[in-house]
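Thanks for coming. I will walk through one chain today, starting broad and then going to single residues. Please keep the structure open while I talk.

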Amino acid sequence: MDWTRFRSVAVLATAVMLAACAGTASPNPSTGAPAGSFVEASAAPVASENAAASAAAPAASVDVSNAGQALSNLTSYKVTITTTTGTSTTFSAESVVIRKPTPASSFTETGGTSSFRVVTIGPDIWVDSGTGKYVKNPPGMSAATVAAMTNAFDPGTFLQSLAKSFPIAAVPVQGIEQKNGVSAAHLHADSSTALPAGSSPLPSGATVDVWIATDGNYLVALEAKGLPAAATPGASAATGATSDFTIQVTNINDASLTVSPPA
């Protein structure tokens with residue numbers, strides 16, 4: 001079974017923020033930590049279209065370092081990752097994770113006309129490498145193998161990649177909002193956001209927004225808009241083109257969320 005295309009897209013996906021925000025890290029003057037390292041983000045006003053709604057929200061601090069890993073404390077959730085260029089979705093990945101009563105997961109990655117799908121339920125694995133047909137428990141495939149292949153699309157991996165190139169932990173919390181059905185602290189950055197000395201600013205017109213649950217401190221959403229298309233998975237690399245990249249975590253602890261064996 002040839003996994004080359006899937007692995008190439010996975011590597012590109014984890015590099016999305018690194019390519020979009022690459023710069024030279026320098027110490028954070030307020031904390032002494034390197035730019036891009038994980039520190040607590042403190043509440044401070046940020047101008048945006050949601051500023052009025054957030055003005056009355058209580059101050060908040062979030063531990064960005066654990067926001068991705070904190071998803072492991074949830075019973076179930078769904079993650080949707082998309083890249084959009086213009087009005088077209090050019091890359092997408094969807095994961096469903098269920099931990100109780102029987103561990104199960106499903107993963108679908110689509111780029112252009114190609115796709116990859118894998119379903120795990122307990123010890124059993126079904127894989128469709130793009131043929132349209134699932135193969136149950138193919139030779140050489142184990143739960144550890146599946147985890148290693150899909151880890152590049154884990155929200156925690158994306159958040160860590162972002163933190164390596166862009167000091168998201170230094171971005172102020174705009175306020176507390178409802179996002180994907182939960183109360184979340186909203187961090188916002190654009191080209192005018194004050195960043196630690198030596199940090200590379202976002203390109204003009206680009207924005208990065210992150211929502212972290214106030215109860216549980218897990219990542220709820222990441223939305224990056226106006227990034228160079230060449231830096232986003234599955235997007236057109238045309239000169240001057242930009243794309244939007246999103247991660248949405250939904251169906252949090254949703255008892256109706258299920259994973260079934262493929263037909």
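What follows is a short tour of the fold, one helix, one pocket and a few individual residues.

Before anything else, this is a predicted model. Every value I give is computed from it.

Let us begin with the whole chain. The secondary structure consists of five helices and 13 strands. The chain has 263 residues, and 48% of them are buried. About 11,800 Å² of the chain is exposed, and 53% of that comes from carbon and sulfur atoms. Now take the contacts between residues at least 6 apart in sequence: 56% of those join residues at least 24 apart.

Next, helix 5. It covers residues 155–165, and nine of its 11 residues are buried, so the helix is largely enclosed by the rest of the structure. Which residues are the buried ones in helix 5? They are Pro-155, Gly-156, Thr-157, Phe-158, Leu-159, Ser-161, Leu-162, Ala-163 and Ser-165. If you look at the N-terminal end of helix 5, you will find Asp-154 acting as a cap. A side-chain oxygen of Asp-154 lies 2.8 Å from the backbone nitrogen of Gly-156, and Gly-156 is one of the buried residues I just listed.

Now the largest pocket. It holds about 600 Å³ of space. The lining of this pocket is made up of 31 residues, and the closest to its centre are Val-96, Val-97, Ser-105, Ala-147 and Thr-150. Which elements give two or more residues to that lining? There are strand 3 (76–85), strand 4 (88–98), strand 5 (104–111), strand 6 (114–121), strand 7 (124–128) and helix 4. Sorted by class, the lining has 17 nonpolar residues, 11 polar ones and three charged ones.

One of the residues closest to the pocket centre is Thr-150, so let me stay with Thr-150 for a moment, because it is buried, with a relative accessible area of 18%. The cut-off for buried is under 20%. Thr-150 belongs to helix 4, which spans residues 143–150. A polar atom of the Thr-150 side chain lies 2.9 Å from the backbone oxygen of Val-146.

There is another threonine to look at, in strand 3, and that is Thr-85. Is Thr-85 buried or exposed? Thr-85 is buried, with a relative accessible area of 18%. Its side chain makes a polar contact with the side chain of Ser-243, at 2.6 Å. Ser-243 falls within strand 13, residues 242–250.

Now some backbone details. The peptide bond from Lys-100 to Pro-101 is cis, with omega near -5°. You will find Pro-101 in the loop between strand 4 and strand 5.

Two asparagines have a positive phi, and I will take them in turn. For Asn-137, phi is near 45°, which is a positive value in a residue other than glycine. Asn-137 sits in the loop between strand 8 (135–136) and helix 4. With 36% relative accessibility, Asn-137 counts as partly exposed. What does Asn-137 touch, leaving out residues up to four places away in sequence? Asn-137 touches Pro-123, Asp-124 and Ile-125. With Asp-124 there is also a polar contact, side chain to side chain, at 3.2 Å. Thr-120 is 17 residues from Asn-137 in sequence, and their C-alpha atoms are 9.5 Å apart in space.

The other asparagine is Asn-251, whose phi is about 50°, again positive although the residue is not a glycine. Asn-251 is in the segment after strand 13. It is partly exposed, with a relative accessible area of 28%.

The last residue is Ala-213, in strand 11, residues 207–213. Ala-213 is buried, with a relative accessible area of 3%. Setting aside residues up to four places away in sequence, Ala-213 touches Ser-183, Ala-184, Tyr-218 and Val-220. Ala-213 and Glu-177 are 36 residues apart along the chain, and 9.5 Å separates their C-alpha atoms.

To recap two points: helix 5 is largely enclosed by the rest of the structure, and Thr-150 is among the residues closest to the centre of the largest pocket. That is the tour.

Technical notes
Residues numbered from 1 in each chain as written. Predicted model: local features only at pLDDT ≥ 70, side-chain atom pairs only at ≥ 80, totals over all residues. Heavy atoms only, no water. Helix = DSSP H or I, 4+ residues; strand = E, 2+ residues; numbered from the N terminus. Buried < 20%, exposed > 50% of the residue type's maximum accessible area, 1.4 Å probe, protein only. Contact = heavy atoms within 4.5 Å. Areas by Shrake-Rupley, 256 points an atom, 1.4 Å probe, with all protein chains shown as cover. Polar contact = N/O pair within 3.5 Å; in protein donor to acceptor, adjacent residues only side chain to side chain. 1 Å grid on protein atoms, 1.4 Å probe; cavity = no way out; pocket = protein on both sides within 12 Å on 5 of 7 lines; lining within 4 Å. Points joined across faces, edges and corners; volume = space filled by probe spheres on them. Nonpolar A, V, L, I, M, F, W, Y, C, P; charged D, E, K, R; others polar.
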